[in-house]
Amino acid sequence: MKKLALLVTLISAPHVMADNQLILGEGIKVHAINGSENVSSFYSNDRSLNLPDGNNQLLVSYTAEIKNGSDYELEQSHPSVLLFSSEKQTLTLKTPEIKTARQLELFNRELNWKLKNDKNPIQFKAELLPLKGFRLGIDFERELADFNRSNSNASQQVSVIETPSVVKGDKVTDEQMKLILLKSLYQQASSETKEAFKNFIQ
């Protein structure tokens, strides 16, 4: 059992071994990371995030100060889904200068986010998250789950985990549960963590 616990720790914590740092520009809010709501965005003003190696999907929006006569109003862009891949890098995510309603409208159409590492731009795919009706209190996890079931270029395909079939009434043994858990964690791990896991069990 101790060995199983150690294996679970090894596989389920890939960020300890290797990850990426994402630094956010002013006005950018990350609503969800890899399909899970970014709860910290509600109470933290931290401008950096740690992301695992490999493919990452972010749901982001930008709040701009738009001049209206002699006053300024805060206007938020439509939520964008960004999909990109990176390995052990420090990344920055910014937007072009947006000062007018026209510039914000153009940004919502072109989705010209600026994603870079220390030296070069990072290729990414971007699409608007299709939303309908009143947008207060959106369940972003549910909306992203629907989006990821589509054929969108920015969708993140989640692999289906095969588990041993159990006939109704049969008792699932401890060994079956261990296998299910290990298979699930292994499929979610980064390539580096998978390699470390293979070396551990040899």
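**Exercise 1.** Leaving aside its neighbours within four places in sequence, which residues is Asn56 in contact with? Characterise its surroundings in this predicted model.

*Solution.*
Step 1. Locate the residue: Asn56 belongs to strand 5, which covers residues 54-68.
Step 2. List the contacts: beyond four places in sequence, Asn56 touches Asn34, Leu51, Leu82, Leu83, Phe84 and Gln156.
Step 3. Assess accessibility: buried means under 20% relative accessible area. Asn56 has 0% relative accessibility and therefore counts as buried.
Step 4. Identify the polar partners: the side chain of Asn56 forms a polar contact of 2.9 Å with the side chain of Asn34, and the Asn56 side chain also reaches the backbone oxygen of Pro52 at 2.8 Å.

**Exercise 2.** Determine whether Ser155 is buried or exposed, and describe its contacts.

*Solution.*
Step 1. Ser155 is placed in the loop that runs between helix 4 (140-148) and helix 5 (174-188).
Step 2. Its relative accessible area is 8%, so Ser155 is buried.
Step 3. The Ser155 side chain reaches the backbone oxygen of Ser152 at 2.8 Å.
Step 4. Neighbours within four places in sequence being set aside, the contacts of Ser155 are Gln57, Leu83, Phe147, Asn148 and Ser150.

**Exercise 3.** Establish which strands stand at the edges of the open sheet with the order 4-1-8-9.

*Solution.*
Step 1. The sheet has four strands with mixed pairing.
Step 2. Strand 4 (48-52) and strand 9 (114-116) each have a single partner strand, so they stand at the edges, with one side of each lacking a neighbour in the sheet.
Step 3. From one strand to the next, the twist averages 25 degrees.
Step 4. Strand 9 pairs with strand 8 (residues 90-94) in the antiparallel sense over three bridges; Lys116 in strand 9 is the bridge partner of Thr92.

Note on methods:
Residues are numbered from 1 along each chain as its sequence is written. This is a predicted model: local features need pLDDT of at least 70, side-chain atom pairs count only at pLDDT 80 or more; totals for chains, interfaces and linings use all residues. Side-chain values use heavy atoms; hydrogens and water are left out. Helices (H or I, at least four residues) and strands (E, at least two) are DSSP runs, numbered from the N terminus. Buried means under 20% relative accessible area, exposed over 50%, partly exposed in between (1.4 Å probe, protein chains only). A polar contact is a pair of N or O atoms within 3.5 Å; within protein, one must be able to donate a hydrogen and the other to accept it, and residues adjacent in sequence count only if both atoms are side-chain atoms. Contact means heavy atoms within 4.5 Å. Two strands pair if DSSP finds at least two bridges between them. Axes are lines fitted to C-alpha atoms, for helices over the stretch in contact, and angles run from 0 to 180 degrees between N-to-C directions.
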